[in-house]
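Subject: Handover of a structure and notes on its local features

Dear colleague,

Please find below the structure that I am handing over to you. I would be grateful if you could read the notes after it with the coordinates open.

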Amino acid sequence: MNRIHTITISIVAAFASTLSFGDLPTPPRGPIPEVKAVSTGAVEMPVWRGPAIDDGMYPKSPSSLPTDLPAPMPNPDTMATKDAPSGDAYTHNLQTGETRVLPMRYLGSGEEGGSENTQFAGIFGEIIGEGGHRTYQDLELVNSPSTYPRSTACRIRMQYTDTDGLAWQFVGSAHLIDAETLLTAGHCVYTDQFVDSGGTTRVVNDWVDWIKVYPGSHQGTDHWGMADATYVGAFAGWTDDDDFDWDIGVIRINRAVGMLAGWTGWRWGDSCSTIRSRTYHNFSFPSASCGANDSDGNPLHNGADMYYRYGQYDSCPGNQLHIDTTAGCFTTSHGGMSGSGYYFIDGDGDRLVHAQHSNGNGSTSSNSAKIWENMSDYLVDTFVPGSRGSTFDLQSMWLRSEVGNTEPTTYDAGDTVSDMKFTSANATNGSDSGTWYVDFYVSTDDTINTSDTYIEQQSFTWDYDPMDEVNVGLGDFDLPVGLETGTYYLGVRFDGGSDSSSWNNETSGWDAYEIFVNDVTDGEAVSVSFTGDTLIWGDDDLSFAATVTNNGAQSSTAIIQLYASTNQTITTSDHYLGSFYRTLPGNDSVDIDQGINIPAALPDDAYYLGIIVNTVTYLDIDSSNNAMASSYPFTKVTAPSNDACSDAVSIYLGDTAFTNLYATTDGVAHPECEVAGDGGVTEHDVWYTFVPPVSGVLTVSTCDQVDYDSDVVLYQGDCGNLNFVACNDDGTGCSGYSSHLEAPVQQGGNYVLRIGGWNYSYWGSGTVTVSMETSSNGDVNGDGEIDVNDLLILIASWGSDGSNGTDLNGDGIVDVNDALILIANWG
C-alpha cells in the first residue's frame with residue numbers, strides 16, 4: 001500500500017543512463033589554492049550602528065533544540081524477508097512539503113559492480129588513520145574527528161510528528177558523498193512507526209519534519225558546523241514495502257559543507273565473495289544506552305561521540321551486508337548508528353562508501369543496506385546534480401585566522417584585525433571568472449547580513465571551475481571604536497551581484513568568526529564656534545559653543561583645553577587659554593556653551609579658537625581626532641592707553657594725533673548730543689584732560705581731519721564728578737561727519753575732553769585741534785558781555801601778571817591800562 005503523502009508525479013525519464021565520472025566534476029585533490037584580497041579603496045574608521053535586525057535567509061528547523069539528548073533513531077530488530085524491488089525514487093521537499101516521484105526500472109542487486117569516484121579529501125587533505133584487515137574490531141572513540149575521512153561522518157538530528165500530532169526527536173548518522181549530498185538510512189528520512197521508550201508504538205507514515213546535519217561532530221564540538229536538510233529522498237522498496245534491502249535515504253543540505261569536510265565516492269553491486277574479501281570502515285554516532293557509563297559517569301552511548309570500527313562482512317543476505325556480533329557496548333550495533341556509511345579503500349586509494357547501516361538486534365546481528373545500480377544512477381543523474389545545480393553560485397565559508405588564533409579572539413574596539421581568510425566555494429557544475437567583491441560586517445549574533453555594521457569592502461580575482469574553491473586571504477581592517485564590551489561576530493558577504501543566489505553569500509553561523517571586544521574611549525573634538533562678539537579686548541571673555549563626542553562605548557572624564565592659534569592646525573604649541581573638565585558618556589556627545597578669558601598678554605592678532613580633548617579616566621584610543629578649530633577667527637585687540645576716563649592724558653593747545661581704534665565705551669549718553677536717532681551716545685571713547693591757559697572760547701575740532709564719523713564731548717570737573725558742558729557730532733561744513741565744538745572756559749579750570757564715534761561701528765584715527773579765543777576785549781569771564789562782573793575780576797587780579805585773562809593789553813601786568821580797555825568796551 002502506498003503511504004506517501006501528496007505525491008506529484010514528475011516523469012522525467014523512465015530510466016536515465018549511467019553517467020561517467022567526468023559528468024560529476026570534483027575539486028582537485030591537491031592543496032586548496034590561495035589568493036589575496038585587497039581593499040577596494042581607502043575607508044574611514046567604521047561607525048558602530050548598534051545591533052542589526054536579522055532578516056533571515058530561508059525557512060529552517062529550530063535554532064534552539066532541547067539540551068537533553070534526543071532518543072536514538074530506532075535500530076530495527078527485523079531481518080527483511082521480502083523480495084520486493086527497490087522501486088521508484090521519491091524526493092521530498094522539506095520546505096514546501098511537496099513529494100515527487102521518478103519512476104525507475106528495477107535492475108536487482110546483481111553481482112556486477114561500479115563506482116563513482118567523485119570523492120574530495122576536504123580542505124585539509126587526507127589524514128590517514130583507518131585500521132587494517134581483520135574481523136570487525138570493537139567500537140572505539142575516534143581521534144582527529146575534524147580530519148578526512150572521519151569528517152565525512154555526520155551526526156544528524158531529526159524530528160518526526162506522529163499521527164497523534166506529537167513531535168519526536170531522534171539522533172542518527174549520515175555520510176557525505178558530495179558537497180551538499182549525504183547518504184543515510186531510509187528510516188531516517190521516512191518512517192512508518194516506532195516504539196517509544198515506554199513501549200508504545202507510535203505511527204508516523206510520513207517524511208521527517210526536519211534534519212540538522214553536523215559533519216565531523218564529536219564530544220560536543222561540531223567541527224564543521226551545521227547544515228539544514230532541504231530535500232530528502234528514499235525508494236519505494238522502503239517507503240512502501242518496509243524492505244530493509246532498500247533502507248537507504250538521501251539528504252540534500254543548504255550549505256556546501258563537503259567543500260570543507262570532504263566526501264567519499266560510492267560503490268554499487270559486487271559479489272558477496274568480493275565484498276567479504278575487503279576491509280570496510282565505519283564512523284557513526286551510537287546513542288542507545290547500553291547499560292554502562294564512561295569514565296566521567298555518563299551513560300554510553302550518548303549520540304554526541306563519534307565511534308569507529310573496521311573489519312569484514314560475514315554474509316550478504318539479499319541486498320544487505322551482515323556482521324556477526326556479540327552483545328556489549330562496543331561489540332555490536334546500537335540505535336543512532338542508523339545511516340552511517342561503510343566504505344572500503346580500493347587499489348587506487350579511493351574511499352568508496354558501499355552500504356548504509358540499517359538494522360540490528362543489539363546483540364548478535366548488525367546489517368547495512370548496499371547501494372544498488374539504479375540507485376547509483378539516480379544519484380549521478382538526478383539527486384547530486386540537483387544538489388549542485390548547473391548555475392554558478394558562490395558560497396562564502398569558514399572565516400578564520402590564518403595564524404591560528406582561537407575563537408573568540410580578544411580585541412579592543414578600534415583595533416586592526418589582521419591575518420584573516422575565508423573559503424570561497426563554487427559547489428556547482430557552473431563556472432565563472434572575474435573580480436569578486438566581499439563586504440565585511442560585524443554583528444552581535446552569528447547571522448551576518450546587510451543590516452549589520454558595515455566595515456569595508458575588499459576584492460580578489462579568480463577563475464572558478466565547476467566544484468572549485470579557493471582560500472581568500474584578507475587585508476587588514478579596523479573594528480568600530482563604538483563597540484561595547486561583549487561577544488561579536490565578524491563576517492564577510494559576497495556583493496549581491498556576484499552570482500545567481502545571494503542567500504548563501506555570507507559567512508553566517510559556524511562560518512562566522514567569534515570575537516570578544518573590550519570597549520574603549522575615543523574622545524573627538526567635533527566643532528567649536530562663537531556665540532558672541534569676535535572682537536575681544538584683553539581680560540575680556542570670549543563666548544563660544546563646542547561639541548565633543550565619545551566614539552567609544554567606555555565612559556570617561558575628559559579635559560578640554562582651549563588654544564588661540566593663527567591657523568586652523570591646533571597643537572599644544574599654540575597660545576594656551578585655559579581648560580575645564582567634562583564627563584564623556586559612551587557613544588554620546590556633550591555640548592558646551594561658556595566663555596573663556598582672553599588674557600591681555602596675548603598679542604593683538606586674528607586667532608582661531610581651538611579645542612583639544614584628552615580623556616583622563618581611560619586612554620584615548622585615537623588621538624588623531626582630538627583637536628578642532630573654529631571655522632573663522634576672533635580678533636584680540638588692545639584699547640588705546642587713554643581708553644578709560646581714569647586713564648585720561650593731558651591735551652594742549654594745538655594739534656594732537658589720536659585714535660579711538662579698539663577703544664571701549666566708558667561714558668554715558670547725553671540727550672543734548674543725540675543726532676539721527678543715535679540716542680546721544682559717544683562710542684569707543686578716548687579721554688583727555690585740559691586746563692585753559694586763559695579764559696575764553698575753547699575750540700575742539702576734528703573737522704576734515706579724521707577718517708570716521710566722530711563725536712566730541714566737553715566736561716568740567718574730573719572723572720569722579722563730570723559736568724556736561726557741550727558736545728558736537730557733525731560740524732557745520734565739515735566733511736565725513738567730522739566734528740567742531742566751541743565753548744567758553746575759565747582760565748585754570750579743570751576740563752575733560754571725550755572723543756569717540758557716532759555709534760558702535762565708528763572708530764578710526766585722525767587729528768584733533770584745540771584752540772582758544774582769549775578775552776582781550778574785556779569779557780574776562782567769557783559770558784559774552786562786558787560788565788561789572790568782568791571789572792570785579794580784573795580789580796581782583798590787580799598787579800598780577802594777568803594769566804587768568806585780565807592782562808588785556810598783554811604787557812604782563814594788570815593795571816590801569818587794562819581797566820581803560822575794559823571800560824572802553826563796556827556793555
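The notes below take the helices, a sheet, the nonpolar cores and several loop residues in turn. Please bear in mind throughout that this is a predicted model.

Two helices that cover each other

I begin with α5 and α6. Helix α5 spans residues 788–796, and helix α6 spans residues 816–824. In α5, the buried residues are D790, L791 and L794. Viewed along the axis of α5, these buried residues fall within an arc of 100°, so they line one face of the helix. L792 and A796 are exposed on the other side of α5.

Helix α6 may be described in like terms. Its residues D818, A819 and L822 are buried. Looking down the axis of α6, one finds its buried residues within an arc of 100°, and they therefore line one face of that helix. On the other side of α6, the exposed residues are L820 and A824.

What covers these buried faces? The cover over the buried residues of α5 includes α6, and the cover over those of α6 includes α5.

The starts of both helices also deserve a look. The N-terminal end of α5 is capped by D787, with a side-chain oxygen 3.1 Å from the backbone nitrogen of N789. At the start of α6, D815 brings a side-chain oxygen to within 3.1 Å of the backbone nitrogen of N817.

An open sheet of four strands

Four strands make up an open sheet, in the order β2-β34-β31-β28, with mixed pairing. Its edge strands, each paired on one side only, are β2 (34–36) and β28 (394–401). On average, and with direction ignored, neighbouring strands of this sheet are turned by 25° against each other.

Within the sheet, strand β31 (residues 420–426) and strand β34 (residues 468–473) run antiparallel and are joined by six bridges. To find the register on screen, one may start from K421, which stands opposite G473 in β34.

Nonpolar cores

The largest nonpolar core contains 44 residues. Which residues have the most contacts inside this core? They are M158, L182, I211, V232, I251 and M259. V232 is in contact with Y90, T91, H92, L94, V189, W207, V208, I211, V250 and I251, leaving aside its neighbours within four places in sequence. Another core, of 34 residues, lies apart from the largest one and includes V35, V481, L490 and V492.

Cis peptide bonds

Two peptide bonds before proline may be of interest if you inspect backbone torsions. The bond from Y148 to P149 is cis, and its omega is near 10°. P149 belongs to the loop between β8 (140–141) and β9 (153–161). E407 and P408 are likewise joined by a cis peptide bond, with omega about -5°. The loop that holds P408 runs between β28 and β29 (409–412).

Positive phi outside glycine

Q219 has a positive phi, near 50°, and is a residue other than glycine. Its place is the loop between β15 (217–218) and β16 (221–222). Is Q219 buried, partly exposed or exposed? Its relative accessible area is 49%, and because exposed means over 50%, Q219 is partly exposed.

D419 also is not a glycine, yet its phi is positive, at about 60°. This residue sits in the loop between β30 (416–417) and β31. With a relative accessibility of 34%, D419 counts as partly exposed.

A buried loop residue

Finally, I draw your attention to V142, in the loop between β8 and β9, where P149 is found as well. V142 has a relative accessibility of 8%; because buried means under 20%, V142 counts as buried. Which residues does V142 touch? Not counting residues up to four places away in sequence, they are R150, H218, F283, M306, Y307 and Y308. Among them, M306 is 164 residues from V142 along the chain, while the C-alpha atoms of the two are separated by 6.1 Å.

Yours sincerely,

A colleague

Conventions
Residues numbered from 1 in each chain as written. Predicted model: local features only at pLDDT ≥ 70, side-chain atom pairs only at ≥ 80, totals over all residues. Heavy atoms only, no water. Buried < 20%, exposed > 50% of the residue type's maximum accessible area, 1.4 Å probe, protein only. Helix = DSSP H or I, 4+ residues; strand = E, 2+ residues; numbered from the N terminus. Arc of directions from axis to C-beta. Contact = heavy atoms within 4.5 Å. Polar contact = N/O pair within 3.5 Å; in protein donor to acceptor, adjacent residues only side chain to side chain. Pairing = 2+ DSSP bridges. Axes fitted to C-alpha atoms, helices over the stretch in contact; angles between N-to-C directions. Core = buried A, V, L, I, M, F, W, Y, C linked by side-chain atoms within 4.5 Å.
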